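Visitor: Hey, I've got a structure open and I'm a bit lost. Could you walk me through it?

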Amino acid sequence: MTSPIRSMSVAILTVLFLPISATQATAQGTAGTVRKLERPVANPVVLSPGFRRAIMRGTRTERGEPGPDYWQQSAHYTISARLDVVEKRLEGTTRILYRNASPDSLPRLVVQLIQSFHRDDVPRIRSAEITGGYTFTRVAAAGQTLEEARMLRGPGYATSQTNLLINPPGPVAPGDSIVLELDWSYQIPQVGAGGRMGWNSDDFFFLAYWYPQMAVYDDVVRWQADPFLGQAEFYSDFAQYDVTLDVPQGWLVQGTGELMNESEVLPDHIIQRLRQAEASDTVVHVVAEADLEAGFTRASADGRLRWHFTADSVRDAAYSITRASLWDVVRTNVGDRDGDTQPEYSRAEAIFRPAHERWRQTARYAQHSIAFHSRHTGVPYPYSHATAVEGDGIIGGGMEYPMMTLIGGYDQASDRAMYSVTAHELAHNWVPMIVSTDERRRAWMDEGTTDFNDGNAFADFYPGSDDGMQDEFAGYTGLARTGHEGALMRYSDFLDTPGHYGVHAYTKPGSLLYTLRNLLGEEAFYRAYRGYLSTWAFKHPKPWDFFNYFNTSTGQDLDWFWQTWYYETWVLDQSIASVTGGPNGTEIVVRDIGDAPMPARLTITLASGDTLDREIPVTTWLGGTREATVTVPAGQEVVQVEIDARNGFPDVMRKNNFWAVAANALPAELPLAVRNELVRNRGALLEEGYRAEGELLSGEVADDATDQRTISLEAGAQYAILAVCDQPRIRDRTTHQCSSSRHRPPVSTIWT
Ligand SMILES: [Zn+2]
């Protein structure tokens with residue numbers, strides 16, 4: 001089945017892509033009409049078999065929207081757990097009411113046991129403490145206690161890596177429900193699930209991936225039972241939660257959902273401050289320093305308190321448990337959630353131990369982030385609170401959960417980094433917590449989108465700063481230049497090289513959203529982006545839904561873009577091959593060195609000071625050629641030409657995007673690219689005390705292959721340029737680093 005858009009692309013692209021040899025061409029009598037292409041050309045996107053089947057069954061569409069028969073599973077969890085803060089043990093019971101909304105009969109159920117990542121006998125690609133994982137004292141289905149089996153034939157259960165496989169007494173019919181009951185316990189790792197949960201300093205616990213949770217059975221993959229290996233993250237269905245945590249008095253519990261028994265666990269003065277904070281635009285210290293001494297929970301006869309939370313329409317539930325943390329709360333405007341034209345508010349919160357000074361601003365950062373993301377995504381934050389929790393000693397960066405985040409101390413970082421990680425983790429409330437993607441296979445779908453969202457939030461909070469685009473480009477092109485990249489559509493746990501995951505999950509897909517915005521223009525981009533997010537809110541989009549939604553919303557066949565950037569590792573490297581004057585004007589030859597086709601946007605500066613904008617459309621490259629010429633009519637003297645002067649596309653070699661007549665005045669022994677770079681950066685060089693380019697005496701290329709150059713800018717003074725900055729606009733004036741990444745280590749590109 002093909003949509004009008006898709007059949008058109010098939011017609012155009014198959015003709016172009018035919019690699020017919022000369023003999024075949026002669027044999028077919030088409031000699032002279034078929035030419036050999038100079039480059040690979042993108043094919044139409046091919047849907048996965050599971051996705052095609054979903055379209056045939058009416059659960060998905062080629063428009064990128066759910067089909068009329070879309071379904072997804074759901075569950076109601078009733079969990080009660082007892083925390084032993086001394087022994088670091090958790091003991092619990094979980095009752096799962098699982099509803100089968102699929103048209104399939106399910107003879108087997110799959111439950112995720114992330115804690116069993118800490119067994120000694122499971123495969124993993126990240127190291128882990130061995131704490132033993134789950135011990136079950138009871139597993140029951142439909143009221144019947146099941147026996148553990150090595151080979152599951154009849155009713156019973158078996159563990160397989162980080163999954164629990166359950167054969168209930170009978171299959172769960174379409175439309176039916178089943179109750180599972182699990183009694184379990186385990187030793188809590190200090191740094192659990194790859195730094196995503198655990199405990200620290202005997203005063204703090206963070207419970208996440210902490211209970212047996214249904215794996216997802218969806219319309220495309222069916223049981224998504226890929227094990228947790230420590231890297232690629234999570235996929236779960238939306239569910240209701242009823243959670244009771246039994247902890248010693250004097251420990252504050254906050255987590256996913258609403259606290260149902262506030263007056264049983266919190267004293268009146270703390271509750272009063274919470275109410276005050278819910279109406280306050282400035283931060284209220286709900287638990288302040290003095291309360292850490294005086295106490296901030298109620299007392300009970302047995303010295304323990306049962307904190308009761310409920311949550312609805314969340315895909316997970318996580319809890320912080322602390323006896324040493326401050327609790328800052330402020331309200332945040334999430335926009336019009338219910339359509340009455342009035343804004344709604346949620347609580348933005350920070351829970352942190354007082355030694356972590358930088359956290360005193362975090363509630364304010366959370367307040368801004370939640371309000372910004374609500375506007376930027378077009379999806380008002382739907383939950384009652386968004387809480388950033390300091391978990392120093394468990395995690396260095398940050399980790400996201402519905403309504404909750406776990407973030408490191410950030411003591412050695414900057415305030416900007418603190419803002420950035422807060423905005424990032426809270427942005428995950430939208431993707432994957434509301435737009436529920438499969439992180440285990442497609443990390444790029446949530447991390448790339450979240451990088452894009454936090455970068456834009458950053459630029460809003462710090463006006464005048466970069467919106468994250470150049471950071472993302474620098475991160476992605478750094479790996480792309482090495483040629484060791486793997487395609488985005490590869491499963492996220494199966495990448496070639498160490499460090500690759502950061503590019504695969506974050507900077508490349510993040511780069512591509514900025515690239516799409518620059519390609520389509522803000523209006524068309526945001527119509528598609530926000531439409532995709534709201535269409536798939538509280539559902540499970542797959543990559544093809546994302547591609548199809550953009551194709552439909554923009555009315556463009558963007559398959560060349562998806563194929564190029566998501567299925568292939570082709571890079572963008574447009575260059576100015578030559579600029580020559582003649583009787584007919586100035587001919588600017590653009591050579592597309594990389595295989596990634598993109599429009600080439602030229603900014604041409606004339607001697608008069610005027611500039612001309614010219615674009616070589618992407619269809620030129622899709623035609624199979626590598627060179628195109630732009631002619632400026634005679635009488636207009638061209639003094640400078642730049643491709644993509646706004647740095648809007650992730651070109652891996654920006655030095656060859658530039659040509660200037662002034663560069664010809666520099667010593668001829670410098671290669672043109674270096675001369676161009678010096679001219680382009682003339683202003684910055686002068687600011688830093690270098691002489692003007694006319695005084696530059698000599699220069700040489702030390703090692704072109706590694707991009708290391710040594711250049712004498714004036715007699716007697718040697719300056720090394722280690723990799724000329726690809727994005728000079730973000731070069732840090734103090735550190736001379738090309739990229740001052742806000743929450744990732746800087747790339748190695750350095751200008752000294
Ligand atoms: Zn993230």
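## A chat about strands, cores and helices

Guide: Sure, let's start with one pair: Thr78 stands opposite Asp242 in β15. Keep in mind that this is a predicted model.

Visitor: How many bridges join β1 to β15, and do the two run parallel or antiparallel?

Guide: There are 8 bridges between β1 and β15 (residues 239-248), and the two strands run parallel.

Visitor: And which way does β1 run against β2, parallel or antiparallel?

Guide: Antiparallel: strand β1 (residues 74-84) is joined to strand β2 (residues 89-99) by 11 bridges. One pair to look for is Ser80, opposite Thr93 in β2.

Visitor: What's going on at Lys88 in that hairpin?

Guide: The hairpin of β1 and β2 has 4 residues between the strands, and Lys88 takes a positive phi near 60° there. Most residues other than glycine have a negative phi.

Visitor: Where else should I look for a positive phi in a residue other than glycine?

Guide: Try Ser313, with phi near 55°. Ser313 sits in strand β19 (residues 304-314). Thr341 is not a glycine either, and has a positive phi of about 70°. You'll find Thr341 in the loop between β21 (326-335) and β22 (344-352).

Visitor: Is Thr341 buried or exposed?

Guide: Thr341 counts as exposed, because it has 6 C-beta neighbours inside 10 Å. Ser313 has 15 C-beta neighbours inside 10 Å, so Ser313 counts as partly exposed.

Visitor: OK, zooming out. How many helices and strands does the chain have?

Guide: The chain has 17 helices and 36 strands. It runs to 752 residues, and 48% of them count as buried.

Visitor: Which residues touch the most other members in the largest nonpolar core?

Guide: That core has 165 residues, and Ile166, Leu207, Ala208 and Ala366 touch the most other members. Domain 1 (72-217 + 225-237) and domain 2 (246-414) both give residues to this core, so the core lies between them. There's also another core apart from it, with 17 residues, including Ile588 and Val632.

Visitor: What is Ala208 in contact with?

Guide: If you skip neighbours within four places in sequence, Ala208 is in contact with Ala193, Arg196, Met197, Ala318, Tyr401 and Leu406. Across the chain, take contacts between residues at least 6 apart in sequence: 66% of these join residues at least 24 apart.

Visitor: Back to strands. Which residues point one way from β20, and which the other way?

Guide: In strand β20 (residues 319-322), Tyr319 and Ile321 point one way, while Ser320 and Thr322 point the other way, and all are buried. In a regular strand the side chains alternate between the two faces of the sheet.

Visitor: What does β20 pair with, then?

Guide: Strand β11 (residues 204-207) is joined to β20 by 4 bridges and runs antiparallel to it. Strand β16 (residues 252-255) also has 4 bridges to β20, again antiparallel. Look at Ile321: Phe205 has it as a bridge partner, and Val253 stands opposite it too.

Visitor: What's the strand order in the open sheet of 3 strands?

Guide: The order is β26-β27-β30, with antiparallel pairing. β26 (574-582) and β30 (627-633) stand at the edges with a single partner strand each, so one side of each has no neighbour in the sheet. On average, neighbouring strands of this sheet are turned by 20° against each other, direction ignored.

Visitor: How many bridges join β26 to β27?

Guide: There are 8, and β27 covers residues 585-592. Among the facing residues is Ser575, opposite Arg591 in β27.

Visitor: Changing topic: at what angle do α11 and α12 pack?

Guide: Helix α11 (residues 500-520) and helix α12 (residues 522-535) pack at about 130°, with their axes 6 Å apart. That angle makes α11 oblique to α12. Where they meet, Leu516, Arg517 and Leu520 are on the α11 side, and Glu522, Ala524 and Phe525 are on the α12 side.

Visitor: Is Phe473 buried or exposed?

Guide: Phe473 counts as buried, because it has 28 C-beta neighbours inside 10 Å. Phe473 is in helix α10 (residues 469-480). Between Phe473 and Gly510 there are 8.3 Å in space, C-alpha to C-alpha, though they are 37 residues apart in sequence.

Visitor: Last one: where's the cis peptide bond?

Guide: It joins Val431 and Pro432, with omega about 15°. Pro432 lies in the loop between α8 (415-427) and α9 (443-461).

Methods: Residues numbered from 1 in each chain as written. Predicted model: local features only at pLDDT ≥ 70, side-chain atom pairs only at ≥ 80, totals over all residues. Core = buried A, V, L, I, M, F, W, Y, C linked by C-beta atoms within 7 Å. Buried ≥ 20, exposed ≤ 12 C-beta atoms within 10 Å, placed from the backbone. Domains from an automatic or database assignment. Contact = placed C-beta atoms within 7 Å. Pairing = 2+ DSSP bridges. Axes fitted to C-alpha atoms, helices over the stretch in contact; angles between N-to-C directions. Parallel < 35°, antiparallel > 145°, perpendicular 65-115°, else oblique.
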